[in-house]
Amino acid sequence: MLAGRRILLIIGGGIAAYKALELIRLLRTEGASVVPVLTRAGAEFVTPLSVSALAGEKVFQDLFDLTDEAEMGHIQLSRAADLVVVAPATANLMARLAAGLAPDLASTLLLATDKPVLMAPAMNVRMWEHPATRRNCTTLAADGVRFIGPDSGPMACGEFGPGRMAEPPAIRDAIAATLGDGPLTGRHVLVTSGPTHEPIDPVRYIANRSSGAQGAALAAALRDLGARVTFVTGPATVPPPSGVEVVRVETAAEMLEAVQARLPVDAAVFAAAVADWRVRSAAGQKIKKGSAGPPVLEMAENPDILATVAHMTDGRPGLVVGFAAETEHVVDHATAKRARKGCDWIVANDVSADTGIMGGAENAVTLITGEGAETWPRLPKPEVARRLALRLAEALSAPR
Ligand code: C5P
């Protein structure tokens, strides 16, 4: 997948630096060459010797090392690679690049390069969520920097949440995708996500508790394999990933219209928690409390977006995937749903309260295809998304 590719790998200072060693090994196994750059803080976590031994290359550390300047100036070093990868990307390194500061070798290379930059952030959850880091992420994404991760989960500092560096195999796949070698490069995938809001009157609506986490993770995983992703999302609490086309909608009817307007696509994944019903005729003005007592809402059924697309005779996506959140008889109910909706796959999960899956960091799914049911182990949600994206890539590349 990466034969002959040249990666400039900047290793920042964080406990996740140890995973950079595994990343170097993985990249070299695939035939890529890795020129490592170790920041001063990075060298507190991994030694220059282990980095250079694994890379089979000299490790660059100091901007003012005149010997290095004679061998290869920092401008040349930053451009000799096909891609610059920062793993781990610390809050500090991200802030330096976002501000255009270049006080050391790593940030100078990032500023001087004319090649794509891929960052794998790793930091404490509070640092990741700090408004300054949020701003820097937005700035960097607008400047064309691509991101992989971070994942959510328990952290070395004892806290829990987003901030763990993506695992080396996921970074390897994102590197391939950034270089145009991803298994989904050239493919267009549509993902629906989040809840829908169905208005009662101009100020009230019917909603559900979907956060949109699953759909956002999926869109990111598909993007990381090289797909062009159209992300049609209802009002979710989890923000959409960077690097995807975001289409914001409110109601099921708007979601259907947005989806139909973006067809044809190679594959469509319906992860949205679409409201089954809407208020038949929402009031034009705010409904007032009054002597007539509480209003009686007459409901009407919403269009089933998944079933509508899956049953298309003309221009149906090559692969249509639905989700099924069940609380009992998961496989039986999901298998019946697959047939009823006419989709190719159903991703089913048990969302009963005792599983802790709803709103949690992990998911346990059963993938139902034409070949039968396949139960996956309980995994972090980004890993479930990555496996699903890989399966999708496999299915799209198989002769049909
Ligand atoms: O029937 P149920 O809501 O359980 O089906 C879930 C699947 O159908 C999900 O993939 C969901 O995104 C999709 N769906 C839809 N439009 C609806 C209802 C569900 O696309 N109106």
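These notebook entries cover one pocket and one ligand site.

**Entry 1: ground rules.** I am working with a predicted model, where local features need pLDDT of at least 70, side-chain atom pairs count only at pLDDT 80 or more, and totals for chains, interfaces and linings use all residues. Residues are numbered from 1 along each chain as its sequence is written, and side-chain values use heavy atoms, with hydrogens and water left out.

**Entry 2: the ligand.** I listed the residues around the ligand (a heavy atom within 4 Å of it). They are F270, A272, V274, P303, D304, I305, L306, G322, F323, K337 and K341. Seven are nonpolar, one is polar and three are charged; Gly counts as polar in this scheme. Helix 12 (305-310), strand 16 (319-326) and helix 13 (330-341) each give at least two residues to this shell. Helices (H or I, at least four residues) and strands (E, at least two) are DSSP runs, numbered from the N terminus.

**Entry 3: polar contacts.** I looked for pairs of N or O atoms within 3.5 Å. A ligand oxygen lies 2.6 Å from a polar backbone atom of F270. For F323, a polar backbone atom is 2.8 Å from a ligand oxygen. K341 uses a side-chain N or O atom, 2.9 Å from an oxygen of the ligand. How much of the ligand does the protein bury? Alone, the ligand exposes 450 Å², and the protein buries 85% of that. The areas use the Shrake-Rupley method with a 1.4 Å probe.

**Entry 4: the second largest pocket.** I read its volume as about 390 Å³, the space filled by probe spheres set on the grid points. A pocket is an open set of points on a 1 Å grid over the protein atoms alone, where a 1.4 Å probe fits, with protein on both sides within 12 Å along at least five of seven lines; lining residues have an atom within 4 Å of a point. Of its 20 lining residues, I15, A16, A122, M123 and M155 are closest to the centre. The lining has twelve nonpolar, six polar and two charged residues.

Technical notes
Polar contact = N/O pair within 3.5 Å; in protein donor to acceptor, adjacent residues only side chain to side chain.
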